[in-house]
Amino acid sequence: MKKLILASSSPRRREIMSEKGLDFTVSVYPVDEKIELGTPPDEAVKQLATKKAQASAQNNPDCITVGADTVVALGGEILGKPSSREDAVDMLMKLSGKTHSVFTGVAVVTDSNTEIFCEETKVRFKTLTEAQIDEYVATGEPMDKAGAYGIQGKGGELVDSIDGDYYNVVGLPIDLLCRVLKKYGVEI
């Protein structure tokens, strides 16, 4: 069986794959993560996931390489990782009381094929007070998360409901990924 490579430094993605029992190694190479302005969120994550997987696959021939990228989108606007405390507060204020989408793009690259897909999960936030947002931002948790929250941590308290795959919101639609990996002989 070919070696499985995860082209992501995300501790959450590593954890999800480990919990599923996948045998993999991490191999990350820098890529330009700029996306053309106006690119729809689902296309943006697929493009970035593909760039990440291809960069790693070039350096790991004869392997199965998985790249992924996750964004939060509200009304078509992509909310990336906050650049400052104020940015995190602004993002959370925008999300308060509203339903947004979390898109994760995944690319599976082999020596003969590239399979790219995207999962969307709808997340509804509770209506939040400024004090609740300030308290959450003060934890530091939002600073390295798309949309300024982590559903698997304290940010889960901000969420009213989800429609779709919970693991997609964490950063990797593992059930869909496993279905694809099985086609390439990966034991799950």
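This is a short talk on the pockets, the strands and a few chosen residues of one protein model.

Okay, before anything else: the model is predicted, so please keep that in mind as we go round it.

Let's start with the empty space. Rolling a probe the size of a water molecule over the atoms shows where such space is left. In our model, the largest pocket holds about 870 Å³. Its lining is made of 41 residues, and the ones nearest the centre are E33, K52, D69, T70 and K81. If you sort that lining by class, you get 20 nonpolar residues, 12 polar ones and nine charged ones.

Which helices and strands each give at least two residues to that lining? The helices are helix 1, at 11-19, helix 2, at 41-59, and helix 5, at 166-170. The strands are strand 3, at 63-74, and strand 4, at 77-79.

There's a second pocket to look at too. The second largest pocket has about 170 Å³ of space. Lining this second largest pocket are K126, L128, Q132, E135, Y136, T139, K154, E157 and L158. That lining splits into four charged residues, three nonpolar and two polar.

Now, helix 2. It has 19 residues, and at 1.5 Å a residue they should span 27 Å; the C-alpha atoms at its ends are 28 Å apart, so the two agree. Plenty of helix 2 residues are buried, including P41, A44, V45, L48, A49 and K52. You'll remember K52 from the pocket, where it was one of the residues nearest the centre. Further along helix 2, A53, A55, S56 and A57 are among the buried residues as well. And what do the buried residues of helix 2 pack against? They pack against strand 1, at 3-6, plus strands 3, 4, 5 and 6.

One residue of helix 2 that I'd like to single out is Q54. Buried or partly exposed? Q54 has a relative accessible area of 36%, so it counts as partly exposed. Setting aside residues up to four places away in sequence, Q54 touches V109 and T114. As for A68, it is 14 residues from Q54 along the chain, with 11 Å between their C-alpha atoms.

On to the strands. Strand 5 runs from 99 to 109 and strand 6 from 114 to 125. Strand 5 is mostly covered, with 10 of its 11 residues buried. It pairs with strand 3 in the antiparallel sense, over nine bridges, and one example to click on is G67, whose bridge partner in strand 5 is A107. Strand 5 also runs antiparallel to strand 6, joined by 11 bridges. The link between those two is a hairpin through four residues. For examples there, T99 has R124 as its bridge partner in strand 6, and S101 stands opposite K122.

Stay on K122 for a second, please. Its bridge partner in strand 7 is D163. Strands 6 and 7 are antiparallel too, and they pair over four bridges.

Next, a loop residue. A146 sits in the loop between helix 4, at 130-138, and strand 7, at 159-163. With a relative accessible area of 19%, A146 is buried; the cut-off is under 20%. What does A146 contact once its neighbours within four places in sequence are left aside? The list is T70, V71, V72, L79, G80 and K81. Two of those names, T70 and K81, came up earlier among the residues nearest the centre of the largest pocket. A146 and A88 are 58 residues apart along the chain, and their C-alpha atoms are separated by 9.7 Å.

Last stop, helix 6, residues 174-183. Here I174, L176, L177, C178, V180 and L181 are buried. Those buried residues pack against strands 1, 3, 5 and 6, and against helices 1 and 5. Just after helix 6 comes G185, with a positive phi of about 85 degrees.

That's my tour. If you open the model yourselves, K52 is a good place to begin: it is buried in helix 2 and it lines the largest pocket. Thanks, everyone.

Key. Residues are numbered from 1 along each chain as its sequence is written. This is a predicted model: local features need pLDDT of at least 70, side-chain atom pairs count only at pLDDT 80 or more; totals for chains, interfaces and linings use all residues. Side-chain values use heavy atoms; hydrogens and water are left out. On a 1 Å grid over the protein atoms alone, a cavity is a set of points where a 1.4 Å probe fits but cannot get out, and a pocket is an open set with protein on both sides within 12 Å along at least five of seven lines; lining residues have an atom within 4 Å of a point. Grid points are joined across faces, edges and corners, and a volume is the space filled by probe spheres set on the points. Ala, Val, Leu, Ile, Met, Phe, Trp, Tyr, Cys and Pro count as nonpolar, Asp, Glu, Lys and Arg as charged, and the others, Gly among them, as polar. The expected span of a helix is 1.5 Å times one less than its number of residues. Buried means under 20% relative accessible area, exposed over 50%, partly exposed in between (1.4 Å probe, protein chains only). Contact means heavy atoms within 4.5 Å. Two strands pair if DSSP finds at least two bridges between them.
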